[in-house]
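User: Hey, got a minute to walk through a model with me? I'll throw questions at you as I look.
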Amino acid sequence: MVPSSHFGEKYDAAFMSRLEAEAAKFHEPIDLEKTLDAIDFNRGWDPADITTIEEVEFDKLIPLLTEAKEDRLFARRLRTLLKTGDRNDATANGKKLRQNTIEWLKNFAATDPVSALRVRRFLPADPPPDAAPSE
């Protein structure tokens, strides 16, 4: 909450600082789990949720993947993270999020064969190597 200067209120700097400090107390911490789960590209989403997820450090999203109790939830969260950076209107942060997710998936798949089976469907296929021109 920011005090309005629209109506010509003038505040002393110390008073303004105190108002801002009090207003900051009312900001609820972001619930990343709730925010990520609210994004559903098949049903609807709030663009602010996508922006929030794109701007958070990727390390804070990893527990949302590793601690997902159900495979369906794990899969849904992965699809959301991958699709965020793959859309036509993807931002630079969205593309970075997608790349971080792919790197994490590769590392996760390398931990053991069961993990590799669990996530192989989410890994994008590598582009085919360029064919050498035939002579």
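User: Is Thr80 buried or exposed?
Analyst: Thr80 is buried, because its relative accessible area is 5%. Buried here means under 20% relative accessible area, exposed means over 50%, and partly exposed is in between, using a 1.4 Å probe and protein chains only. One caveat up front: this is a predicted model, where local features need pLDDT of at least 70 and side-chain atom pairs count only at pLDDT 80 or more, while totals for chains, interfaces and linings use all residues. Residues are numbered from 1 along each chain as its sequence is written, and side-chain values use heavy atoms, leaving out hydrogens and water.

User: Ok, and which helix is Thr80 found in?
Analyst: Thr80 sits in helix 5, residues 71–84. Helices (H or I, at least four residues) and strands (E, at least two) are DSSP runs, numbered from the N terminus.

User: What does Thr80 contact, leaving aside its neighbours within four places in sequence?
Analyst: Leu36, Ile39 and Phe41. Contact means heavy atoms within 4.5 Å. On the C-alpha level, Thr80 and Ala38 are 10.0 Å apart in space, with their positions 42 residues apart in sequence.

User: Zooming out, how many helices and strands does the protein have?
Analyst: Seven helices and zero strands, so the pattern along the sequence reads α-α-α-α-α-α-α. Of the 135 residues, 29% are buried. Taking contacts between residues at least 6 apart in sequence, 50% join residues at least 24 apart.

User: Now the packing. At what angle do helix 5 and helix 6 pack?
Analyst: About 135 degrees, with the axes 6 Å apart. Axes are lines fitted to C-alpha atoms, for helices over the stretch in contact, and angles run from 0 to 180 degrees between N-to-C directions. That angle makes helix 5 oblique to helix 6. For the labels, under 35 degrees is roughly parallel, over 145 roughly antiparallel, 65 to 115 roughly perpendicular, and the rest oblique.

User: And which residues meet there?
Analyst: From helix 5, Phe74, Leu78, Leu81, Leu82 and Thr84; from helix 6, Gly94, Leu97, Arg98, Thr101, Ile102, Trp104, Leu105 and Phe108. By class, that contact has nine nonpolar, three polar and one charged residues. Ala, Val, Leu, Ile, Met, Phe, Trp, Tyr, Cys and Pro count as nonpolar, Asp, Glu, Lys and Arg as charged, and the others, Gly among them, as polar.

User: What about helix 3 against helix 6?
Analyst: Helix 3 (residues 47–55) packs on helix 6 (residues 92–109) at about 60 degrees, axes 9 Å apart. That makes helix 3 oblique to helix 6. Ile53, Glu54 and Glu55 in helix 3 meet Asn93, Gly94 and Leu97 in helix 6. The split there is two nonpolar, two polar and two charged.

User: Which residues touch the most other members of the largest nonpolar core?
Analyst: Ile53, Leu61, Phe74, Leu78, Trp104 and Val119, out of 25 residues in that core. A nonpolar core is a set of buried Ala, Val, Leu, Ile, Met, Phe, Trp, Tyr and Cys residues joined through side-chain atoms within 4.5 Å. Helix 6 gives the most to this core, with six residues.

User: Last one: what does Leu105 touch, leaving aside neighbours within four places in sequence?
Analyst: Leu78, Leu82, Val119, Phe122 and Leu123. Leu105 is in helix 6 and is buried, with a relative accessible area of 0%. Its C-alpha is 9.3 Å from that of Ser115, ten residues away along the chain.
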